[in-house]
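I sat down with this one to see how its strands pair and where its nonpolar residues gather. Here are my notes, in the order I looked things up.

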Amino acid sequence: MITFPLNLDDPIRDAVTRIRFAPNSNNLLISSWDSSLRLYDVDSSKLRMEAPGEAALLDCCFENERVCFSAASDGSVNRYDLDSVIKVSVGNHDDLATCVEYSAETCQIITAGWDKKIKFWDARSAQPHGCLNSLVSEVESMSVSGLNLMVAAGSSINIYDLRSFKTSVHTKGVKVKCIRPIFNPKGFVVGSIDGRVILEYICRSSSNEGYAFRCHPKAKDGRRHLVTVNDIAFNPSVIGSFVTGDNEGYATLWDARGRKRIFEMSRYPNSVVSLSYSHDGLLLAVASSYSYQEANEIEEPPQIFIHEMGNCDLTSPSSGASNKK
């Protein structure tokens, strides 16, 4: 596996919050606490865009290769034209806007935040389309998969059908840090503050029962070692292969079907706060940054590493062969 850091002439000046590869290219979107949204062309090693702002950016996402969105600490949600670098306000939350997603099926921008609200915006007109305000906790993480909206708030997972807004609630008994979709079979995976990863399938059967495990099952100094799982990413080209990133600076590849660890990467300089696979699964981006979660964090400059996934990494150990969709 070949690994190299992104070399930015103007370094990221504060903690990274989210990285996302574009839908059909190797352009990487980066949001951070330094209030700037960046677009980096990994293929040419060039910064394509930097859009400064006034509030910390807590999340970002793509609509397509030319348009993206951000959610900020002042509650604002903004739309960016990546060609002209024009920023337009979409709307606001009453508190921190922590999450933003785009639904291609419904052409909606979906946002959530600490005001315990989920808001829907028409991407074509940037007009408010609806609001769900029945949550009892602040939204920590959110993902969209097809017509399913997955929301993590406190220790609960709410799954909404975007057509009818029917809801199913799954309580995990521990605060959830991140939620990400499982594509085949359909379901979701969550990472918790106590180091657990929980996989759950929407349509259960004997062949795809959910399960849970701890990323750090061994005790240290006679006590169980609990490390927050900050992010999880599934490889889009290999069924059942996913990577977790934790607060101690480790990224670990797992085989969901074989229920085992593939391998653990070398420790990063700081916490692994965000992960993203490229559209073809050939590149994995890892954001190493302090996360403002613990008092003893070392505030080293944030770094983003790119891993070129070799053929051995595109093989599912449970089957012995690559399983591309």
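I began with E6 and strand E7 (residues 67–72), which pair in the antiparallel sense over five bridges. Bear in mind that I am reading a predicted model. Between E6 and E7 I found four residues, and the two strands form a hairpin. For one register point, I noted that Phe 62 has Cys 68 in E7 as its bridge partner.

Is strand E6 mostly covered or mostly open? I looked, and E6 (residues 57–62) is mostly covered, with six of its six residues buried.

Next I traced an open sheet of four strands, with the order E10-E11-E12-E13 and antiparallel pairing. Strand E10 (97–103) and strand E13 (127–132) stand at the edges with a single partner strand each, so each has one side without a neighbour in the sheet. I noted a twist that averages 20° from one strand to the next.

Inside that sheet I checked strand E11 (residues 108–113) and strand E12 (residues 118–122), which run antiparallel and are joined by five bridges. Thr 111 stands opposite Lys 119 in E12.

Then I turned to the cores. The largest nonpolar core has 16 residues, and Leu 6, Ile 19 and Val 42 are among those with the most contacts inside it. At least two residues of this core come from each of strands E2 (16–21), E3 (27–32), E29 (283–288) and E30 (303–308).

What does Leu 6 touch beyond its neighbours within four places in sequence? I listed Leu 28, Ile 30, Tyr 40, Val 42, Ile 304 and Ile 306.

My last entry is a second, separate core of 15 residues, including Ile 182, Val 197, Leu 199 and Tyr 211.

Technical notes:
Residues numbered from 1 in each chain as written. Predicted model: local features only at pLDDT ≥ 70, side-chain atom pairs only at ≥ 80, totals over all residues. Heavy atoms only, no water. Core = buried A, V, L, I, M, F, W, Y, C linked by side-chain atoms within 4.5 Å. Buried < 20%, exposed > 50% of the residue type's maximum accessible area, 1.4 Å probe, protein only. Contact = heavy atoms within 4.5 Å. Pairing = 2+ DSSP bridges. Axes fitted to C-alpha atoms, helices over the stretch in contact; angles between N-to-C directions.
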